[in-house]
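Good morning, and thank you for making time on the agenda. I would like to take you through one structure, and I ask that you keep it in view while I speak.

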Amino acid sequence: MSLSRSPSPNAGGGWSSPGLTSPYETLSGRASPRKGYGEVQVNGSVGTSNVTWATAKARSDEVNGYPSFSTRNNGFFSRHARQISRSLPSFVRGAEKEKLGRGRWYPDSGSKTGRILGFLGRTIWRLRLRLLITLLCVLAVIVFYVTPMHRAYRRASLFGGGSNFVIILAANQGGGVMEWKGPREWAIERDSVKNKKKYAKKWGYNLEIVDMSTKKRYAHEWRESWEKVDTIRKCMRKYPEAQWFWWLDLNTFIMEPSYSLQKQVFNDLSSNTFRDINLYNPLHIAHPLNNSQLDPESRSPVGDGKSSSIDLIIPQDCAGFNLGSFFIHRSTWTDRLLDVWWDPVGYEQKHMEWEHKEQDALEHLYINQPWIRSHTAFIPQRKINSFPPGACGENGEDSRIHYKETDRDFVVNMAGCEWGRDCWGEMYNFRELSNKLNRTPWEKFKDGISDGIKAMRAKPEKQEGKS
């Protein structure tokens, strides 16, 4: 029995449903109690009329005020909608997937490589946020170190604090009235200046290269080697924002450029220095002073004990104070010290007795002026001023003085090399050693391959020599 509906052939309209019985079939042929459009009420009575469905619908549309509209088979789109929809791409799963996938390549299908690539793709997609953050961090590090940004950061007083330090390098020491400089002296100066420039640039420090050629400071004298005091005063005027000034002789070489001054000395000044000279006292200076007329600070072996009161930091070698590498701080006390240190009266009276000139003058002031002791601190020599084995070598190697490669000492000072030693040879050897110790991993890898090839070539030569 078919239940499909079709337009009724009856003149009254409606639909006929064969096989279904209804008490209302006699009225309209509809399977509904609703009266058909073939029935009208006239004065409350029901009657029949020849009004068709189309006529009634047309009258209804006229009453409602809307024109008749039908989309069946009207217009190009309506007639071809199904054909167009079939031609559009379809995203289906299940049985149709195989049909759509024919002739196409998917990462999950086929070879093992495809499955691996599919797995990697899904993993990357799941971890996309973490990978993005990691990539941004790597890019930030690269930009920070490749560009000058890291030097600006290290130089800023609020961050690295590099602008608070000035490196004073004495240059052209032998080009004055004493002698002319030869090729070896120029080579020493070139390497030393290059070394300090590289270090100052790396950490954002100020670098002042001073021409130390001998100049006539007064009409009746040549103050040979005394320009150090006057130079420090000039640098303090030139760099008014700087706080610490590091003097370096020309024959010094910074062996470990990766050490900053803050980390090496100033971040923990109290533990890196000592105030009581009795801890290492090669000059056997009596300390502290016991004069009852002095204030308690001057009679104390450590002054006030505060690191903030330290204005002068000097190392000591086997013979006493060594000013080849030392620090001096900007302060009122420092202005007073430089005035007394540079006093021409003291120079006039003692310069013939003081063999080491300004160095002996400072020792004399420390011994005889109590106010100097309370602001002076000493630092282990190998912290900032290691000696090569030839210097201070009368008593053999001293672990407190001489350079040790295994300990990676910061600075080496070829002090006294002009007296019977090879200054250029020492400078060259320490320069090459510094380059070797501070190689990058890639440079170490390349050198390892090069050394291996040289060793392989050397073996046949040795065997031929034996034969």
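I shall begin with the sheet, then turn to one of its strands, and end with the helices.

Please bear in mind throughout that this is a predicted model.

Let us start with the sheet. It is an open sheet built from six strands, and their order is β4-β3-β5-β10-β7-β11. The pairing within this sheet is mixed. At the edges we find β4, residues 206–211, and β11, residues 376–378, each of which pairs on one side only. From one strand to the next, the twist averages 20 degrees.

Which strand, then, deserves a detailed look? I have chosen β3, which spans residues 165–171 and is mostly covered, with seven of its seven residues buried. The burial concerns both faces of β3. On one side, the buried residues are F165, I167, L169 and A171; on the other side, they are V166, I168 and A170.

The neighbours of β3 can be described in turn. With β4, the strand β3 pairs in the parallel sense, over six bridges. Within that pairing, A170 is found opposite V210 of β4. Towards β5, residues 244–248, the strand β3 is again parallel, and five bridges join the two. Here I167 has W246 of β5 opposite.

Let us now move to the other end of the strand order. Strand β7, residues 312–314, runs parallel to β11, and three bridges connect them. As an example, L312 has T376 as its bridge partner in β11.

This brings me to the helices. Helix α13 lies across three strands, namely β7, β10 and β11. Relative to β10, which covers residues 325–329, α13 runs at about 125 degrees.

How does α13 meet helix α9: at what axis distance, and at what angle? The axes of α9, residues 227–238, and α13, residues 332–341, come within 9 Å and cross at roughly 150 degrees. The crossing of α9 past α13 is left-handed. On the α9 side, the contact is made by V229, I232, R233 and M236, while α13 contributes T334, D335, L338, D339 and W341. Sorted by class, this contact comprises five nonpolar residues, one polar residue and three charged residues.

To close, let me return to two points. Strand β3 has both faces covered, and α13 both lies across β7, β10 and β11 and makes a left-handed crossing with α9. Thank you for your attention.

Conventions. Residues numbered from 1 in each chain as written. Predicted model: local features only at pLDDT ≥ 70, side-chain atom pairs only at ≥ 80, totals over all residues. Heavy atoms only, no water. Axes fitted to C-alpha atoms, helices over the stretch in contact; angles between N-to-C directions. Helix = DSSP H or I, 4+ residues; strand = E, 2+ residues; numbered from the N terminus. Left-handed = near helix turned anticlockwise from the far one by under 90°. Contact = heavy atoms within 4.5 Å. Nonpolar A, V, L, I, M, F, W, Y, C, P; charged D, E, K, R; others polar. Pairing = 2+ DSSP bridges. Buried < 20%, exposed > 50% of the residue type's maximum accessible area, 1.4 Å probe, protein only.
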